[in-house]
Amino acid sequence: MRIYKVGGAVRDRLLGKPVTDIDWVVVGATTEEMLAKGFRPVGVDFPVFLHPKSGEEYALARTERKSGRGYGGFTFHASPEVTLEEDLIRRDLTINAMAEDDQQNLTDPYHGQRDLEARLLRHVSPAFAEDPLRVLRVARFAARYATLGFTVAPETLELMRQLSESDELEALTPERSWKEISRALMEDQPQVFVEVLRACGALKVLMPEVDALFGVPQPPTHHPEIDTGAHTLSVLQQAAIHKQPLTVRWACLLHDLGKGLTPEQEWPRHIAHELKGLKLIKAVNERFKVPRDCQELALLVGEYHTHGHRAHELKPSTLLELLQSFDVFRRPQRFEEFIAACEMDARGRKGLEEKSYPQADYLRGAATAARNVAVQPLLEQGFKGPELGEAIKRERLKALKIYKEKA
Ligand code: ATP
Ligand code: MG
């Protein structure tokens with residue numbers, strides 16, 4: 001048997017990037033031989049094994065043929081006769097279809113190295129169209145390598161467009177889609193992911209609610225960039241620049257969905273877009289079975305981001321309601337993430353990227369003021385049960401009044 005490093009490990013070494021996980025391909029071996037060497041099988045009908053010591057993935061060289069809709073509709077053929085070139089041709093991009101032996105000799109039948117130099121994300125063969133997930137993967141790699149100057153080859157974008165126009169994208173499972181979306185959002189330039197999906201028509205299929213924001217104007221006084229789609233991309237970009245976690249990035253992507261519902265005659269104003277957007281945010285959350293913390297923050301940011309921007313103008317009672325909506329006394333971290341998302345929203349405006357956001361400290365201070373209300377004296381005064389709750393609320397309100405007057 002011959003063993004080669006493949007995929008991302010080869011690509012990233014040639015790019016001079018750190019290599020985290022290594023995928024291997026094994027040519028000329030049978031399942032029985034792998035088991036005899038102590039490899040552990042990953043699935044029942046999948047010719048992939050884990051190394052007994054390193055735990056890295058070793059896949060038998062295989063060919064694939066599409067036999068139905070979606071990802072389940074694949075038949076694999078793995079045997080000792082399958083060559084390295086045959087295995088590499090089933091891969092998505094030329095830069096992911098290179099292999100390397102233990103002497104670092106490169107096998108590159110589909111010119112991945114040439115495309116690395118040309119900074120092109122190009123599909124290996126027309127079989128690319130057999131797995132719709134590749135549309136998301138290419139958009140994700142575009143987001144990751146945009147900083148290095150990579151773009152999607154026009155002929156690959158065309159294939160992605162054809163895939164998006166067919167009903168194939170709809171056959172993707174929520175789990176597979178979310179895995180790509182969440183990884184893409186954590187890349188350096190997550191906005192490129194959205195741009196590429198939009199350019200090939202996949203955004204309209206996957207997240208029509210986000211696609212609908214493009215072409216929707218906002219008031220130029222607050223939003224010099226005017227277009228709501230452009231604004232959303234900038235907010236996402238700011239979230240990446242400021243190294244925000246996934247929860248915040250997801251909330252940034254969805255915060256303005258309600259603006260896509262505004263009747264044209266009301267443009268460029270978007271009255272009550274915060275509340276109108278909630279059902280759309282919920283729909284997107286459910287479509288991809290998004291993790292709970294991301295779902296929650298997106299909904300809260302959607303509903304309250306304007307409160308965040310107007311923090312200094314909020315009445316003490318409204319401030320308290322805001323803090324309570326976030327359950328800030330038990331979950332201070334989530335309120336911090338809300339503040340971060342509001343700040344990214346404010347910075348994601350043309351020419352205002354560097355403007356300070358004093359609302360952030362003001363909101364933090366309000367949370368602290370309310371949290372510092374001592375419960376002990378109220379207990380000593382004999383308050384119990386619901387009455388205690390009311391008393392705490394009254395004291396917090398008092399504290400917020402003082403806070404607002406001093407600020
Ligand atoms: P990353 O750095 O994100 O891990 P990677 O290229 O290693 O990037 P993996 O998902 O680990 O990506 O997959 C390893 C290799 O398997 C890829 O480089 C590619 O050759 C191939 N591959 C993975 N998923 C697909 C797919 N859906 N279609 C075609 N080839 C794929
Ligand atoms: Mg990998």
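Ala, Val, Leu, Ile, Met, Phe, Trp, Tyr, Cys and Pro count as nonpolar here, Asp, Glu, Lys and Arg as charged, and the others, Gly among them, as polar. Keep that handy for the exercises, and bear in mind that this is a predicted model.

**Exercise 1. Find the largest cavity and work out which classes of residue line it.**

Start with the search: over the whole structure, one cavity of 30 Å³ or more turns up. Its volume comes to about 30 Å³. Next, pick out the lining: Ile181, Leu185, Phe193, Val194, Leu203, Met207 and Leu253. Now sort these by class, and you get seven nonpolar residues, with no polar and no charged ones. Finally, ask where they sit: α7 and α8 (190–199) each contribute at least two of them.

**Exercise 2. Describe the largest pocket: its volume, its centre and its walls.**

First, the volume: roughly speaking, you have about 1300 Å³ of space to look at. The lining takes in 40 residues, and those closest to the pocket centre are Asp23, Glu57, Arg137, Lys179 and Arg183.

Next, go through the walls element by element. Strands β2 (23–27), β5 (57–60), β6 (62–66) and β7 (74–78) each give at least two residues, and so do helices α1 (8–14), α5 (133–145) and α7 (174–185). Which element gives the most? That's α5, with seven residues.

Last, the chemistry: the lining splits into 20 charged, 16 nonpolar and four polar residues.

**Exercise 3. Do the same for the second largest pocket.**

The space here is about 660 Å³. Of its 27 lining residues, His222, His223, Thr306, His309 and Arg349 come closest to the centre. Two or more lining residues come from each of α13 (273–276), α15 (292–309) and α17 (332–347). Sorted by class, the lining has ten polar, nine charged and eight nonpolar residues.

**Exercise 4. Work out what surrounds ligand 1 and how much of the ligand the protein buries.**

Begin with the neighbours. There are 16 residues around ligand 1, and the closest are Arg11, Asn96, Arg134, Arg144 and Arg183.

Then look at individual atom pairs, using a cut-off of 3.5 Å between N or O atoms for a polar contact:

- Arg183 uses its side chain: a polar atom there is 2.6 Å from an oxygen atom of ligand 1.
- Asn96 uses its backbone, with an N or O atom 2.9 Å from an oxygen atom of the ligand.
- Asp92 also brings a backbone N or O atom, this time 3.2 Å from a nitrogen atom of ligand 1.

Now the burial: on its own, ligand 1 exposes 580 Å², and the protein buries 82% of that.

To tie this back to Exercise 2, note that Arg183 is among the residues closest to the centre of the largest pocket and also among those closest to ligand 1.

**Exercise 5. Locate two backbone oddities in the loops.**

Take the peptide bond first. Trp267 and Pro268 are joined by a cis peptide bond, with omega at about 0°. Where is Pro268? Look in the loop between α12 (246–254) and α13.

Now check phi. Ile226 isn't a glycine, yet its phi is positive, at about 65°. You'll find Ile226 in the loop that runs between α10 (208–211) and α11 (228–241).

**Exercise 6. Mark out the domains and say how far apart their centres are.**

Step one is the bounds: domain 1 covers 1–110 and domain 2 covers 372–406. Step two is the spacing, and the C-alpha centres of the two domains turn out to be 63 Å apart.

Definitions and conventions: Residues are numbered from 1 along each chain as its sequence is written. Chains are lettered from A and ligands numbered from 1 in the order in which they are written. This is a predicted model: local features need pLDDT of at least 70, side-chain atom pairs count only at pLDDT 80 or more; totals for chains, interfaces and linings use all residues. Side-chain values use heavy atoms; hydrogens and water are left out. On a 1 Å grid over the protein atoms alone, a cavity is a set of points where a 1.4 Å probe fits but cannot get out, and a pocket is an open set with protein on both sides within 12 Å along at least five of seven lines; lining residues have an atom within 4 Å of a point. Grid points are joined across faces, edges and corners, and a volume is the space filled by probe spheres set on the points. Helices (H or I, at least four residues) and strands (E, at least two) are DSSP runs, numbered from the N terminus. Domain bounds come from an automatic or database domain assignment. A residue is near a molecule or strand if one of its heavy atoms lies within 4 Å of it. A polar contact is a pair of N or O atoms within 3.5 Å; within protein, one must be able to donate a hydrogen and the other to accept it, and residues adjacent in sequence count only if both atoms are side-chain atoms. Accessible areas come from the Shrake-Rupley method with a 1.4 Å probe; for residues, only the protein chains shown count as cover.
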